[in-house]
Amino acid sequence: MSSFPVTRLRRLRRTAGLRSLVRETRLDLDAFVMPLFVAPADEPNEALPPMSRRSVESLVREGEELQRLGVRAVLLFGIPESKDDEGSGAWDEDGIVQRGLRALRAACPDLVLLTDVCLCEYTAHGHCGVLDGDAVANDETLELLARTAVSHVEAGADAVAPSDMMDGRVSAIRAALDDAGAAETPIVSYAAKYASAFYGPFREAAGSAPSFGDRRGYQMDPANVREALRECELDVAEGADVLMVKPALPNLDVIRAVRERFDVPVAAYNVSGEYGMVRAAAARGWMDERQAALESLTAIRRAGADLVVSYWTKDLARWL
Ligand code: PBG
């Protein structure tokens with residue numbers, strides 16, 4: 001191997017043109033998914049605009065604008081009018097996500113519609129499943145998640161993304177979709193989802209913070225990577241079509257490990273806290289939002305993610 005002065009790595013960094021010729025990782029809007037929140041009424045979020053709650057009408061306007069900008073896919077979350085212990089709003093045929101889906105499906109035929117399948121936005125206690133005492137009952141929750149997934153597909157979802165972290169949910173959802181005649185609908189599994197502080201802004205936006213305790217009894221311990229691979233292995237065996245790692249930036253090593261071990265597409269969720277930290281720092285003049293966002297998203301792709309869910313997706317459409 002030659003060394004200095006024969007080799008000078010700065011030669012290829014000299015101009016923007018040279019740098020772009022040898023760039024290893026590129027951002028392509030096709031790989032990005034924009035999260036959207038549908039609610040009974042509009043509630044703009046000034047500090048974190050993508051986390052605004054949108055009525056069905058403004059959801060449709062936003063979908064149309066995203067489609068015009070070239071965004072391919074959205075991930076839909078619902079904030080229901082009322083909540084109960086079971087989270088029955090999640091599978092209500094006339095529920096908020098189902099109404100949003102039908103409207104978006106009609107107005108934006110080319111947009112890929114993904115839905116988050118979870119009960120935490122719909123349960124009065126804010127946990128991701130039904131309770132048995134203070135614990136979330138795994139097996140009793142599975143049927144409710146499966147029902148929710150089927151109702152999303154019946155309302156027009158192209159793919160469902162379970163985010164609850166119950167054991168066995170992928171096979172329960174797969175079986176229910178197959179029974180409902182939706183054998184061709186893919187499951188994007190939040191396979192390695194950590195119990196993370198970085199979901200803070202989302203929980204405020206979605207009104208889904210647990211009313212007691214935390215989610216450590218079902219979401220993963222951020223200290224573990226081998227366990228993430230076991231989660232992925234089980235989900236692939238149960239029929240997951242895409243494996244997701246979440247949050248993204250604190251877990252780039254996990255994204256890389258999943259990429260190397262499995263041949264299914266790997267997704268990463270650049271979560272609300274990752275977005276919010278940069279927005280807060282940019283508002284104080286400590287960082288340039290665009291540069292910090294592009295650097296973050298490039299790092300997530302470089303780590304091995306094929307697709308990325310990010311609150312910057314709409315901005316990215318303008319930046320690229
Ligand atoms: C659960 C869900 C959460 C997020 C996506 N799906 C919150 C949680 O697990 O508490 C977080 C996304 C984000 O922070 O952007 N329905």
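Reader: Which residues lie nearest the centre of the largest cavity?
Author: Keep in mind that we're looking at a predicted model here. The lining of the largest cavity is made up of 19 residues, and strand E8 (188-193) and helix H6 (200-206) each give at least two of them. The ones nearest the centre are Phe77, Lys193, Tyr199, Phe202 and Lys246.

Reader: What takes up the space of the largest cavity?
Author: The largest cavity holds about 150 Å³ of space, and its lining has nine nonpolar, four polar and six charged residues. That space is taken by the ligand.

Reader: Which residues come nearest to the ligand?
Author: There are 18 residues around the ligand. Sorted by class, this shell has nine nonpolar, three polar and six charged residues. The ones that come nearest are Lys193, Arg203, Lys246, Ser272 and Tyr311.

Reader: How much of the ligand's accessible area does the protein cover?
Author: Let's start with some polar side-chain atoms. One in Asp116 lies 3.1 Å from a ligand nitrogen atom, and an N or O atom in the side chain of Arg215 is 2.9 Å from a ligand oxygen atom. Tyr311 has a polar side-chain atom 2.5 Å from an oxygen atom of the ligand. On its own the ligand has 410 Å² of accessible area, and the share covered by the protein is 100%.

Reader: How many cavities of 30 Å³ or more are there?
Author: The largest cavity has about 150 Å³ of space, and the second largest cavity has about 50 Å³. With 30 Å³ or more as the cut-off, the count is two.

Reader: How many nonpolar, polar and charged residues line the second largest cavity?
Author: Go through the names: Val33, Leu75, Leu114, Ala161, Val188, Met244, Ala267, Leu307 and Val309 line this cavity. Val, Leu, Ala and Met each count as nonpolar. So the tally by class is nine nonpolar, no polar and no charged.

Reader: Which helix gives the largest share of the lining of the largest pocket?
Author: The largest pocket has about 370 Å³ of space. Its lining has 13 residues, with Arg23, Leu27, Leu294, Glu295 and Thr298 nearest the centre. Seven residues of the lining come from one helix, residues 289-303, and that's H10.

Reader: And how does the lining of the largest pocket divide by class?
Author: Look at the residues nearest the centre: they include Arg23 and Glu295, as well as Leu27. Arg and Glu count as charged, while Leu counts as nonpolar. Over the whole lining, the split is five nonpolar, three polar and five charged.

Notes:
Residues numbered from 1 in each chain as written. Predicted model: local features only at pLDDT ≥ 70, side-chain atom pairs only at ≥ 80, totals over all residues. Heavy atoms only, no water. 1 Å grid on protein atoms, 1.4 Å probe; cavity = no way out; pocket = protein on both sides within 12 Å on 5 of 7 lines; lining within 4 Å. Points joined across faces, edges and corners; volume = space filled by probe spheres on them. Helix = DSSP H or I, 4+ residues; strand = E, 2+ residues; numbered from the N terminus. Near = heavy atom within 4 Å. Polar contact = N/O pair within 3.5 Å; in protein donor to acceptor, adjacent residues only side chain to side chain. Areas by Shrake-Rupley, 256 points an atom, 1.4 Å probe, with all protein chains shown as cover. Sits in = over half its atoms within 2 Å of the grid points.
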